Amino acid sequence: MTLKVGIDVGGTFTDFLLVRDDAEPQIFKTLSTPKDPSIGLVNGLTDIATSLGQTLEELAPSIDTIVHGTTVTTNATLTRTGAKTGLLTTEGVRDALEMRRGIREEQYNNRYTNVPPLVPRYLRRPVKGRLDRIGRETAALEMADVEAAIDIFKEEAVDAIAICFMNSFANPAHEKAAAELVAKAMPDAYLTVSAELLPSIRFYNRVSSTVLNSYNGPKLKAYLDALQARLQDIGFAGVLLIMQSNGGVVLPETAKEAAAMTLLSGPAAGPVAGLGYAEAHGQRNCLTVDMGGTSFDAAMVIDGVPTTATEGEINRYRIALPMLDIVTIGAGGGSIGWIDEGGLLRMGPQSAGADPGPVCYGQGGENPACTDADLVLGYLSPGYFAGGRMKLDVDAARKAIDEKLAKPLGMTVEEAALGMYRVINNNMAQGVREITIKRGLDPREFPMVVAGGAGPNHACMIGQELEIPFLLVPRESSIFCAAGMLMSDLKHDFVRSYVGRIDEANWDGLNGLINGMKAEGDVLLENENIPQDQRRYVLRLDCRYAKQYHEVTMEAPLDAVAAGDGEAIKNLFHGEHNRLYGYSLEDVGTHVEIINVRVQCIGITDKPEYSQETYAGADPAAAQKGERKIIVPETGDWATVPVYDGHNTKYGYQIKGPAIIEQENTSILVTASYDCVCDQYGSFAVYQKGREELVKPILEAA
Amino acid sequence: MSKIEIDQILLSVFARAFKSITDEMSISVEQTARSPILCEAKDFVTGLYDGEGNMLEQTENLPILAFSLAPVCKYIIKYFEGDFKPGDVIFHNDVFSMGNQNNDVAVFRPIFFEDKLVAWTAVKGHQADIGGNVAGGYNPNATEVWQEGLRIPPVKVYDGGTFRKDVWDLIFANIRFDIVAEDMRAQMGATNIGARRVVTLLEKYGMEVFEPHKLALFDATKKMMQAEIAKIPNGNYSGEGYVYYDGKNIGSKYTIRVDIAVTDDAISFDYSKTDGRTNGFVNGTYTSSASATALTFLQMVNPDIPHNEGMLEPLEIIIPEGTILNAGYPAATTFGNHLCPPNADAIQRALGPVIPDRVTAGWNNLLSSLTTGRDEEKDDDYVDIFFMGMKGGAGAMQGTDGYDHIGMIDASGGVLDQDYEMFEQQTPHTLIQHEYLTDSAGPGQWRGGIGTVTKYRIGSEDTQLVTFGDGDFEPAFGLFGGGKGTLNIIKLTKPDGEEMIPLNKDLITGVPKGTLYYQEAGGGGGLGDPKKRDQEKVRDELRNELISKETAQTIYGLDD
């Protein structure tokens, strides 16, 4: 029997999905412990053991694999609470990091300010020594400058150091020499060397990525060290894998070295999970939204592949490492309601988080949060939150909303709570607009897969705002990313520079580079216990026309390169260039050059399989557990609506909105504009009233 | 045809789809162009227009270029009397038919749907060369347009999909560098990308839905702009900005004078009292000058107003021919784009007392340079506009420090520094320093943006260097008690130790390899009494050597 656990540590909750060969997947949730997230993680494992009738010490050794996503680095970057970092860089260019090439993203907004640099100027230390554009030394590295910088770093108690010198992509010698000295003098400091992290041209991309890595490194390393120690203490002897921003997983030791690759570790599993559920409805495209306690993430899957970027920004900090394209905004169950200077009701981005949490948790929270509003409006059951393990205090929530919002706004408590609900839904709809409309996509054409503990209570109204006709709430929606983590493969990305024309290619040399990267990947996959037949290698070439300065990264067949078939590769490039940029230079006869060779080594992991249910008829009466008064969001009036037990719904059940479907860890509000039908995997297919054709196969399954 | 109802969601889908189309066209040029002016600095704009040439959306990396595209589009439609076929591609740069600068060459592509001309895509970019007397295009000695470059009135280089080799060869036989032809191909490709996206959009929604939504979008945008103008008190306001040296007469100075009239929800900018044209190349065209006015005013209103035809409707801009801002045929006008900073100064000064929380203090004026020559090691020609050296600080605003190292107000942070390593790949030069310049920001409760100091070693023998700009006589002005920024400087030190300071519009040939190029781009003007500045900020900037100890103590009154 194998036992796998997906663990997603969020700002408010830590989610678990437990998958065994011999039983249905099980969901667990526990409050996060932001000061040391590994505590919450072990608390959750303890809960799981208890529910299985075991002790933690009995459970832990039986776990084969833990796949883990963390927001440690994300939060550190967003809140600028990463390590005190020093930068060693070539004399004369120490301000590149802060200047950001002189961009102001909002050209017409004179109130728009620059982001504070992650390394302040006085910790950006210049070093003499210079390499020219092809890596020839024109001035020797001045070791005294490195030593002087180290003295300052020590005096300032710097925890992390980044090294990035001009033209090091062409020759890493100076960076290596400086790194050796730093490592010797400050062995405990977290060190990132630019040519190792990102051996490619463009100084600003490299210096910014390198700094992001060092800035986040100490926190991630400390966290993973603590986690590994805790897991060892409780007897875990399986494989721990960490989710990376590119949607793949790696061993903790690899993750610690490339901290910047975990900036989207938490949400990166979302699109993969979303696709799994959407595919059950014959969809290769989907929009995934995940509303947790603190943040809301939106992402897209197009033609079966999550959309990605090789360059992007995190909080306006440049990062040139591969990652999924995910929009994150500060909206969650913990988002606090407040009144701005203009007298308008606002929600978030400040969050009550897990501690103290919303007022209704009774843990000392004083500011009314989104969860308080949901409770007052009747969308949450005070006695069945977290399966009844946590009692919610409606009176306290009402009182807080009344005092902080309703009275100042001259409203009733219900009006203020509904206002909070509408404002936050609007904010989230804006996030969906970012990932769809801003990229020229119509959100109405994509099924919206809804996740996160708070998501299903809000999804219909986000859908209504954007006229999205079809929503899918997976049975595991509350721990969506944890589920996605167990569906993710191991991925290791390698890149080598190879500059030359395809017509004059040294095919042996090229294949040598490729085989070298495959061999490096094999070592890692071997450590990860991936058998040979579960390994895949994807070759990508960065190509361009002669004298262009940007490359097209395209997938190329390994056998074409092995056979030295230059024509095939050139034709691929002409086609890709035309598709992307509207023209090719095939007729002009311009040379095609290769600049970089990339190999992605993939270890296919075993995916959890979900069993299909048998059709149980359309009548949901068997799952109804009662009724409750709620405020119907479309009308703002109280109405009594049926409440269904989401653990007893069966394939085929049709639930008419307005209604509430309660699960242990989440609650789905089907508003008056939508109806719902349960699919064969236990997911809830929510569709606009009158649009039965969207769920025809289920409705006709009888 | 039944009346189509306006769908609010669809309206924003269209608005965003237009934006994503012009953004994608912009990325396409950035990724494929050869000249660093385009692929590194993004000195180009992309746009989408309806069948009549009305602006639907633009990506305005350099706004000064942007507001001359729609007028050219309309001119082209009239010029060919509607004779367009699918597969046509039209070039244009002519400054006497609504172009803004000779080097800024545009590609226009008509888009057909169901056999009807429904839209246009366009890309205008600053070309590495446009013929004329001086490589790279800035000829400070020019007195008429023919000395500046090749004029391209509307011309089809593809006619119904057929390549016109004769026309193509005529154009490129008059231009120095091969990469210009390649870059025009990149621009054509981008217009093709835009055209594909437009057709996909129309296939999905149909013209009968598209048309009324387009009109609704124009209308909504116009109302947003009118609402912004209505916030400015009615009245007449005047301001001046100054141009120093016309490239011909040492010590010459010209005044740009604007009379602004606000009447409820309309605003007019009248430049009738502006000085007459120069006999050199320091002259504007109507479109470059009107662009300058529009982009300055747009910074004083809600920045979220969409950029389409409706936005500019409530603005009236009067620039009589014969003034320095609209010189008329056949004047030399290459410097015209760079009359934006003094024009912006005039507008900020005029409106400062009326809307004190929406104007800024003076921005650093542009002083730029361009080198051309032979990269011996690569055995190739190069052209480089030195963007990284020219970007000084923005003016401060009430409540906000000026943006550091942003550069000329006509780009407002849309044009970027060359990446340092790309600069060394694309030229034979070696970068020595590019850093913030201590004490350059105009002091104030809200300080001006910080300027920069830049040094590089010239790497080719017999280099030609052109300077063009201003800001070495008058620094960026302070407002409401704030101090002024610092001046611009360019200085050359030859290998034999000889120093020379070029004029702000100058052509220097035969610069030897090994010459040290030194440039300071000044800081922006400050706003409000420096003594009222948050002392924590002062201490922080002192620690980071952005201000000196002396400035901290004497100007900001830091007592520890």
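User: What makes Tyr190(A), Leu191(A), Thr192(A) and Val193(A) of strand β10 buried residues?

Analyst: This is a predicted model. A residue is buried if 20 or more other C-beta atoms lie within 10 Å of its own. Tyr190(A), Leu191(A), Thr192(A) and Val193(A) are all buried, so each meets that count.

User: Which way do these residues of β10(A) point?

Analyst: Tyr190(A) and Thr192(A) point one way, Leu191(A) and Val193(A) the other. In a regular strand, side chains alternate between the two faces of the sheet.

User: What makes β9 and β10 of chain A a strand pair?

Analyst: Pairing needs at least two bridges. Four bridges join β9(A), residues 160–164, to β10(A), so the two strands pair. They run parallel. Ala162(A) stands opposite Thr192(A) in β10(A).

User: Why is the β9(A)-to-β10(A) crossover called right-handed?

Analyst: The chain leaves β9(A), passes through helix α6 (residues 173–185) and reaches β10(A). With the strands pointing away from the viewer, a right-handed path runs clockwise. This β-α-β crossover is right-handed, so its path is clockwise in that view.

User: How do you know that the span of α8 in chain B is close to the expected one?

Analyst: Helix α8(B), residues 286–298, has 13 residues. The expected span is 1.5 Å times one less than the residue number, which gives 18 Å here. The helix reaches 18 Å from its first C-alpha to its last.

User: Why is α8(B) called mostly covered?

Analyst: In α8(B), 12 of its 13 residues are buried. Among them are Tyr286(B), Leu295(B), Phe297(B) and Leu298(B). The buried residues pack against α3, α4 (69–79), β10 (266–270), β11 (315–318) and α10 (340–351) of chain B.

User: What makes domain 1 and domain 2 of chain B touch?

Analyst: Contact requires C-beta atoms within 7 Å. By that test, 21 residues of domain 1 (8–222) are in contact with 23 residues of domain 2 (360–560). The C-alpha centres of these domains lie 32 Å apart. On the domain 1 side, α2 (36–39) and α3 (63–66) each give two or more residues. That side divides into 12 nonpolar, four polar and five charged residues.

User: How many residues bring chains A and B into contact?

Analyst: On chain A, 43 residues are in contact with 55 residues of chain B. Both α4 (96–99) and α8 (203–233) of chain A supply at least two residues to that side. By class, the chain A side has 16 nonpolar, 12 polar and 15 charged residues.

Terms used. Residues are numbered from 1 along each chain as its sequence is written. Chains are lettered from A and ligands numbered from 1 in the order in which they are written. This is a predicted model: local features need pLDDT of at least 70, side-chain atom pairs count only at pLDDT 80 or more; totals for chains, interfaces and linings use all residues. Two residues are in contact if their C-beta atoms, placed from the backbone, lie within 7 Å. Ala, Val, Leu, Ile, Met, Phe, Trp, Tyr, Cys and Pro count as nonpolar, Asp, Glu, Lys and Arg as charged, and the others, Gly among them, as polar. Domain bounds come from an automatic or database domain assignment.
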